[in-house]
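Biologist: I'm new to reading structures, and I'd love a close look at one part of this one. Could you walk me through the place where protein and DNA come together, and then show me how the rest fits around it?

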2 protein chains.
Amino acid sequence: MRKTIDQVAQLAKVSKATVSRVLNNSPKVTEETRERVMKVVKELGYYPSAMARRLTTNKAETIGLIIPAPHDRTFGNPFYTEIIRGFAHQAKIKKYDLLLFTNEHKFNYSQLFYDRRVDGLLLIGVKRNDKGIIQLSKKEFPYILTGKIDYEDANYIDAENRRGAYRAVSYLANLNHKKIAYIGGSFEFVFNQERFEGYLSALQDHNLEYGKELTMESISTQESGYEAMRKILKFSPIPTAVFAANDLDAIGAMKAVKEKGLRIPEDIAFIGFDDIQLASFMDPPLTTVRQPIFEMGTTAINLLVGMIEGRVKGAQQIELPTQLIIRKSSGKIRMCK
Amino acid sequence: MRKTIDQVAQLAKVSKATVSRVLNNSPKVTEETRERVMKVVKELGYYPSAMARRLTTNKAETIGLIIPAPHDRTFGNPFYTEIIRGFAHQAKIKKYDLLLFTNEHKFNYSQLFYDRRVDGLLLIGVKRNDKGIIQLSKKEFPYILTGKIDYEDANYIDAENRRGAYRAVSYLANLNHKKIAYIGGSFEFVFNQERFEGYLSALQDHNLEYGKELTMESISTQESGYEAMRKILKFSPIPTAVFAANDLDAIGAMKAVKEKGLRIPEDIAFIGFDDIQLASFMDPPLTTVRQPIFEMGTTAINLLVGMIEGRVKGAQQIELPTQLIIRKSSGKIRMCK
DNA sequence: CTGTTAGCGCCTTCAA
DNA sequence: TTGAAGGCGCTAACAG
């Protein structure tokens, strides 16, 4: 036998309206009746039906989280697990449920709003040209992207990619590196392009050479970072430093360098991007541009909830600062040559 | 203005009951009226409210997924992301939503059933002595654990851990290794103990020595695998082979071995457990006991849905077979000594 | 095969 | 401060 608000009302000798008020912390209830009701609630083990409440209030109390499809390798990146934990943690605090979807079969995001399953949407790993987002914006459905896309009015939260990359490469330049290679992910994602631009602009400001053979695209996994580095090592002279636009690429690349019998950082210095847990454990520990991943998750939730509840209006575009974490892989100032 | 079933009914000149029948594919509707109704549905852009349906049918159409708390390092293991993709993929097929929770603050699982937010629960990374599970079982709430626990009547899906470990270690023994070390995760998780038991029993069957200094506990991360191996290497003579109860430990351990200037597999052979993507990319590629991770995810969903819909009854305990994937790290037969 | 009716369990006016 | 009544949008009997 299911417990309902009516049973509580009867046992507490009040109307169900009053029970509802007590449960929703309405101020206009006597302390006495509140206690009486709560006593019955406890004894009965009553929990209000989420579905009934949601139907009446017309709120789903739910945020949808869309993750890349199973065949998309990028999802293995620890960045995602970390930001998801940020989401889950903060959603609980804000009293929203988190619904998980994979982005398969040209998924129509709006439908989740139409059938009122979600109040808002969080999307991670969305490609820059995703058209579905435009529709969300036009319909004014609350959503936040993790990472900028081409659509100008999109709501997103991101890190200061260009600046982070710029600082990393400048750091290498100031260490007297003249030939700095770049390994980074696909430009399908804007953040990858921005990091590349940060790299370029640092080269320029330091009057360093730029060459096609110094830049290599990768799919942001250790494997492909490894392959990318092997290609770079085929050209000579080889670079004295590498900036990788994400840590997994950096880690894979370091492996290729070691395999060749070269030393890090003496022969080739390294800087990555993200600061995943693994980074500090590398040998040598990886210097990297830290993104505040967990915080990006919690911030995204707070912002989204603000949009849902109407406190925040207009396009939301937030970029969180990054921080250069200096470890051994970037080495000391370079004297020779 | 929100679209409701009434509007569709009016425009299609039928009752809302008929609209409902059409939408739920009831067989007793004329093809003609079905078409008429569907036409209106399309034109109007009508989607039935999930919440209203759920309230009426008293089904949440939702499965809860409980992941380890943010401070729990084990969640970074690629095993989890992979199985979650299996869950998400299959849940969609079965038309269930997946609700994500982190296991914080002595979370009372049953509450999710009380307020009817979920029809069933999937729990990953649950420790062997978790008392909350007993309550779920007693109340006959549908749930599935990923990984066995101490409670005998628990529903779980797992891999054949003992057998997988046994085969791996036997393989090493047959390669003529006499001194085989073990690195594995905490016995807080039953699967870790089972893998250890598989190791022990293989040693026994091959009349090999067992020594405390040959076994090292780790928390299943690369870092701790690395540390564990460094400790093992301090004893002499050092082992000629290592069985690690998960790939991350194996990968970390291999790093420690290489650092010492030892060769893999010539000086020390390695076998891991899981077959995460990274395993095949190692240098040398890691021989490992493959768990069918994605399949464990889809199987769990199917089983859980069966329980929810009453087609499956009683305690469900499934162990999926593992497979030894032989790569370079385990080496060839050992002649010397 | 289709329509009518009656809830599902809750919140929210409106009166008292 | 409390109660009565109505309705959220849908499905499920039960008639017809």
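Modeller: Happy to! Please keep in mind that this is a predicted model. A good way in is the fold of a single chain: among contacts in chain A between residues at least 6 apart in sequence, 71% join residues at least 24 apart. The chain A that these contacts hold is made of 12 helices and 12 strands. Its radius of gyration is 26 Å, well over the 20 Å that the globule rule gives for 337 residues, so chain A is more spread out than a compact globule. You can see this in the spans of its C-alpha trace along the principal axes, about 90 × 35 × 35 Å. Even so, 58% of the 337 residues of chain A count as buried.

Now to the DNA, beginning with strand C. There are 27 residues around DNA strand C, and A:I5, A:S20, A:Y46, B:R21 and B:T33 come nearest. Two of these names return when we look at phosphates. A backbone N or O atom of A:I5 lies 2.4 Å from a phosphate oxygen of DNA strand C, and an N or O atom in the side chain of A:Y46 is likewise 2.4 Å from a phosphate oxygen of that strand. A:K16 reaches a base instead: an N or O atom in its side chain is 2.8 Å from a base nitrogen of DNA strand C. The elements that give two or more residues to this surface are α2 and α4 of chain A, together with α2 and α4 of chain B. By class, the surface near DNA strand C has nine nonpolar, 11 polar and seven charged residues. Of the strand C atoms within 4 Å of the protein, 61% belong to sugar or phosphate, and the rest belong to bases.

Next comes strand D. Here 26 residues lie around the DNA, with A:R21, A:T30, B:I5, B:K16 and B:Y46 coming nearest. A polar backbone atom of B:I5 is 2.3 Å from a phosphate oxygen of DNA strand D, while B:Y46 uses a polar side-chain atom, which lies 2.3 Å from a phosphate oxygen of this strand. For a contact with a base, look at B:R21, where an N or O atom of the side chain is 3.3 Å from a base nitrogen of DNA strand D. The elements giving two or more residues to the surface near DNA strand D are α2 (16-23) and α4 (50-57) of chain A, along with α2 (16-23) and α4 (50-57) of chain B. That surface has nine nonpolar, 11 polar and six charged residues. Of the strand D atoms within 4 Å of the protein, 63% belong to sugar or phosphate.

How are the two protein chains related? A turn of 180° and a shift of 0.0 Å along the axis lay chain B on chain A with an RMSD of 0.1 Å. That is the relation of a two-fold axis. In chain B, the C-alpha nearest the axis is that of B:L99, 2.3 Å from it. The interface fits this picture: 100% of the interface residues of chain B are also interface residues in chain A, so the copies meet through the same surface.

To finish, here is one residue inside chain B. B:I144 sits in strand β4 (residues 143-146) and is buried, with a relative accessible area of 1%. Leaving aside neighbours within four places in sequence, its contacts include B:L121, B:Y156, B:A300 and B:M307.

Definitions and conventions:
Residues numbered from 1 in each chain as written. Chains lettered and ligands numbered in written order. Predicted model: local features only at pLDDT ≥ 70, side-chain atom pairs only at ≥ 80, totals over all residues. Heavy atoms only, no water. Near = heavy atom within 4 Å. Polar contact = N/O pair within 3.5 Å; in protein donor to acceptor, adjacent residues only side chain to side chain. Helix = DSSP H or I, 4+ residues; strand = E, 2+ residues; numbered from the N terminus. Nonpolar A, V, L, I, M, F, W, Y, C, P; charged D, E, K, R; others polar. Least-squares fit on C-alpha atoms with pLDDT ≥ 70 in both. Contact = heavy atoms within 4.5 Å. Rg over C-alpha atoms; globule rule 2.2 N^0.38 Å. Buried < 20%, exposed > 50% of the residue type's maximum accessible area, 1.4 Å probe, protein only.
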